[in-house]
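Please open the structure in your viewer and keep the sequence beside it, so that each selection can be followed at an easy pace.

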Amino acid sequence: MDRDDTLDEELEEAIEASLEGETDDREKPDELFVLPITRRPFFPGMAAPVLIEPGPYYEVLKSVAKSDKKYIALVLTKKENINPNRVGFASMYNVGVLGRILRILPMEGGGAQVVVNMEERLTLIEPIKNKYLRAKVELHFETKEITDELKAYSINIISVIKELLKLNPLFKEELQIFLGHSDFTEPGKLADFAVALTTASREELQGVLEAFEMQERIDKALALLKKELDLSRLQSSINQKIEATITKNQKEYFLREQLKTIKRELGIEREEKSIDVEKFETRLKKRTVPLPVMETIQDEMEKLQTLEAASAEYGVCRSYLDWLTAVPWGIYNKERHDLERAEVVLNKDHYGLDDIKQRILELISVGKLTGGLKGSIICLVGPPGSGKTSIGKSISRALNRKFFRFSVGGMRDEAEIKGHRRTYVGAMPGKLVQAVKQSGAMNPVIMIDEVDKMGSSYHGDPASALLEVLDPEQNKDFLDHYLDVRLDLSSVLFIVTANVLDTIPEPLLDRMEVLRLSGYIMEEKVEIAKKHLIPRARKQMGLKASDVTFTQEALRSIINGYAREAGVRSLENHIKKILRKVALQIVQQGARRKQIKYSVSNHTLIDYLGKPIFLSDRFYEQTPVGVATGLAWTSLGGATLYIETVKVAGERTEMMLTGQAGDVMKESSQIAWSYLHSAIHKYAPGYTFFEKCQVHIHIPEGATPKDGPSAGITMVTALLSLLLDTPLAQNLGMTGELTLTGRILGVGGIREKLIAARRSGLETLIFPQENQRDYDELPDYLKEGLEVLFVEHYDEVFEIAFPEGEP
């Protein structure tokens with residue numbers, strides 16, 4: 001609200017009138033305008049400034065200033081956060097103070113600051129109908145009678161105030177103002193002044209204001225004063241503790257600085273800067289640093305000498321030099337190219353995996369002839385628990401190289417590979433520089449785990465960053481963003497692991513030599529458990545070899561019933577579970593431990609592991625009509641895959657596929673359907689092609705996603721069995737991709753599928769002719785007991801699956 005000239009003139013007249021009318025013998029009124037107060041109540045005997053903003057209360061101020069009496073009632077609102085312009089009598093307390101306006105000071109922008117002298121307590125009797133807040137009031141005058149008890153209370157209040165003054169000097173000024181206008185012999189005014197000094201709540205202060213009876217008021221005042229004294233003592237104690245701590249820290253700082261100066265003068269201690277420089281120079285003497293890198297280091301050393309040790313730039317420069325000089329420039333581990341020792345190490349650490357071991361021995365042989373392994377990047381692909389990581393450790397032991405492993409699974413920031421730029425706070429080199437530094441040589445074995453599980457985000461693509469690392473033509477000049485100098489990684493032997501190849505980018509896969517770990521068959525798992533898993537788990541559980549033994553049959557039952565996956569991690573977990581229960585029994589037996597030997601057999605296995613998880617891979621002992629057994633490959637190894645078919649009468653001939661099949665498998669079912677329809681005269685002469693029948697093809701275990709083209713011939717065979725109403729030859733499994741002309745194309749995962757067939761007890765297998773080479777490379781113990789037939793066209797499959805021809 002803006003103030004106009006008329007308003008200014010009225011306010012000036014009101015000021016003159018207030019000054020002219022200041023007399024002490026004026027009559028106390030019984031009707032007053034009411035001014036609501038929101039923060040704290042005022043007490044009689046006080047003089048305080050009150051801010052009046054432009055609005056209705058400013059109009060009230062003008063009316064009061066023009067009056068002779070210049071009295072106004074100041075009453076506290078019940079709520080603090082309330083708009084004064086919307087206050088009514090219901091939202092105010094009934095008891096307030098009578099105030100007399102002493103001075104009015106206009107303010108720029110409107111409104112005024114009013115100096116009001118508080119004189120007596122008052123009670124609002126009833127509101128008077130008016131444009132503004134106006135009410136009838138009853139004044140409460142102080143009694144002049146002072147008893148000895150009141151005097152004692154007064155003395156007590158004065159003593160508390162004196163203690164408060166010692167703890168809080170801010171009260172001293174307010175006390176001097178009070179002494180100038182009042183006398184300590186008046187207990188009422190003393191009580192009002194005492195509570196006004198405190199930081200009590202507005203409600204507590206209003207309670208004192210409403211205490212008309214002198215004894216009640218002075219009791220409340222003394223209680224609030226004591227509470228304030230306790231609070232001031234606590235505050236003083238806190239301040240003293242803080243000051244003592246600061247003083248102690250300052251003293252220690254000055255003493256340390258003096259000690260440093262004395263030591264420096266006596267030559268006992270040098271400056272931090274000289275210590276850092278000497279440390280870097282000592283490192284460089286042990287390294288053969290390339291010339292470009294040496295120039296960068298010298299430039300940074302000169303820069304370090306000019307910086308203050310306490311500056312932020314000094315810390316950045318020092319960290320950079322620390323990394324530059326920590327890289328083992330020119331330091332190489334002496335390789336061992338002893339084939340016999342390497343073979344012993346590999347056979348000791350792993351059972352089976354003959355093809356992998358052979359490739360590692362070839363690698364070592366090349367290193368012996370060339371003087372060192374360079375540019376070798378191996379990708380180990382296989383299901384979880386097949387020994388990929390442990391093979392990397394065995395290679396480093398065989399070569400006498402340091403081993404460093406880090407995982408890139410879930411990595412989304414390329415800075416993890418190539419480092420952060422030094423402009424960022426907390427910047428540091430990438431994993432490769434950290435690996436070289438930690439290994440202390442330029443030719444470690446670095447294993448990059450889970451390369452098939454990398455991601456990408458707005459931070460960059462780590463897979464693309466690995467292209468430079470895993471390219472022998474580029475990694476000899478690898479540039480880390482933090483170091484910003486060229487680093488030769490060509491002598492590093494990189495071993496990459498993955499579960500599947502599908503998610504690895506093609507350019508990255510092209511740089512690696514892929515070695516497949518297909519998983520283990522029953523015999524291999526039994527030997528691994530006996531030679532590696534049981535001794536290691538027994539040692540971890542604190543057991544002796546004599547405490548517990550496993551029978552051959554028990555190990556086979558664990559593998560068949562509880563740990564059927566391609567790797568051995570689940571097998572190891574179940575062995576640990578058994579040994580933990582044995583350890584519990586041994587501890588419970590106590591002194592009788594020496595007399596009890598535990599044997600894990602088929603009879604006790606359920607007590608340790610519960611009922612078997614897997615009962616059988618085979619759904620059917622005798623394959624019924626319309627069912628064919630296929631072989632599938634998964635990331636966990638091989639598995640048997642049943643194709644079930646049924647037909648029901650319908651208005652038209654149609655086919656439906658269920659079992660959570662992927663797009664490629666759906667296309668395979670369409671190809672099988674179309675091929676059989678086109679060649680029905682060849683395989684089922686005289687039969688119509690499911691005339692007015694709905695054919696349902698289902699792949700069991702519907703919760704498991706399935707995809708791939710290798711079930712093509714299995715689907716045709718199942719449909720043909722349904723059409724001819726003839727079951728297939730028993731214990732027969734098959735795999736192969738079918739074309740519309742009946743040709744059978746090669747598939748992948750032959751080893752895994754062969755292992756799955758052995759586990760399921762199949763005897764005869766049908767493989768594509770194109771996979772003859774893959775089969776010939778497999779060890780003989782995998783082929784033993786299996787009849788494998790290779791086919792090029794579905795005609796050959798028909799003759800094998802239906803040896804008796806059509807019914």
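The tour goes from the whole chain to a pair of helices and then to one residue in a loop.

Keep in mind that this is a predicted model, in which local features need pLDDT of at least 70 and side-chain atom pairs count only at pLDDT 80 or more, while totals for chains, interfaces and linings use all residues. Residues are numbered from 1 along each chain as its sequence is written, and side-chain values use heavy atoms, with hydrogens and water left out.

Select the protein chain, coloured by secondary structure, which comes to 28 helices and 24 strands (DSSP runs of at least four residues for helices, H or I, and at least two for strands, E, numbered from the N terminus). Of its 807 residues, 47% are buried, that is, under 20% relative accessible area with a 1.4 Å probe, protein chains only.

Next, select helix H22 (residues 663–678) together with helix H24 (residues 712–724), whose axes come within 9 Å and cross at roughly 45 degrees (axes are lines fitted to C-alpha atoms over the stretch in contact, and angles run from 0 to 180 degrees between N-to-C directions). Show the side chains where they meet, including Trp673 and Leu676 in H22 and Met715 and Leu719 in H24, with contact meaning heavy atoms within 4.5 Å.

Finally, select Glu450, which lies in the loop between strand E9 (445–449) and helix H16 (462–469). Not counting residues up to four places away in sequence, Glu450 touches Ser407, Val408, Gly409, Thr497 and Asn499. Add Val496, which is 46 residues from Glu450 in sequence and 7.7 Å from Glu450 in space, C-alpha to C-alpha.

Definitions and conventions
Buried < 20%, exposed > 50% of the residue type's maximum accessible area, 1.4 Å probe, protein only.
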